[in-house]
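This briefing covers strand pairing and aromatic contacts in one protein. Please look over the sequence and the model before reading on.

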Amino acid sequence: MGAPPNAPKMKVLQDRPRVSFTIDDATWPYKVLCVHGIASVEFLDKAFSEYGAMARRYLGEEGAEAFMAARDQTFGKVGWVRITIRPEEVRILDFAAGKFPSAWASAEGNS
């Protein structure tokens, strides 16, 4: 993950690096990844290569070029921060595999 160094979350992450985040899917059957861990930050002079790769993956080549140009125009001189999460706990909910949240499991008879 990344952010400009003046983003409000940067001070919070440096003071309190314990984080949780969830990545989910909006289509049935739902799949959810829940991660709890420790964040570390690395200040860089420019955006890290993974950032451009992410933009190309989701926006295509032309969209990524426009996105990166807008980022450079907005944040060009302030550098960038790479945020790395070291997972301590990871949970996957895969509704297709019958892995339901505990409140649903008791109603469904699943464990």
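How many aromatic pairs does the structure hold? In this predicted model, there are 4 aromatic pairs. The points below take up two of these pairs, both involving Tyr-51, and then turn to the strands.

**Aromatic contacts**

- Tyr-51 and Phe-67 make a stacked pair, with 5.9 Å from centre to centre and 25° between the planes.
- Tyr-51 is buried because its relative accessible area, 13%, falls under 20%.
- Phe-67 has a relative accessible area of 33% and is partly exposed.
- Tyr-51 also pairs with Trp-80 in an edge-to-face arrangement, at 5.2 Å centre to centre and 65° between the planes.
- Because Tyr-51 belongs to helix H2 (residues 49–75) and Trp-80 to strand S4, this pair ties together parts that are 29 residues apart in sequence.
- Trp-80 is buried, as is Tyr-51.
- One aromatic cluster is formed by Phe-48, Tyr-51, Phe-67 and Trp-80.

**A charge over a ring**

- Arg-71 lies over the face of Trp-80, 5.5 Å from the ring centre.

**Strand pairing**

- Strands S2 (residues 18–24) and S3 (residues 31–44) run antiparallel and are joined by 7 bridges.
- A hairpin of 6 residues connects S2 to S3.
- Asp-24 stands opposite Val-32 of S3.
- S3 is also joined to strand S4 (residues 80–94) by 14 bridges, and these two strands run antiparallel.
- Val-35 has Val-90 in S4 as its bridge partner.

Notes: Residues numbered from 1 in each chain as written. Predicted model: local features only at pLDDT ≥ 70, side-chain atom pairs only at ≥ 80, totals over all residues. Heavy atoms only, no water. Pairing = 2+ DSSP bridges. Helix = DSSP H or I, 4+ residues; strand = E, 2+ residues; numbered from the N terminus. Phe/Tyr/Trp six-rings, centres within 6.5 Å; stacked < 30°, edge-to-face > 60°. Buried < 20%, exposed > 50% of the residue type's maximum accessible area, 1.4 Å probe, protein only. Lys NZ or Arg CZ within 6 Å of the ring centre and 35° of its normal.
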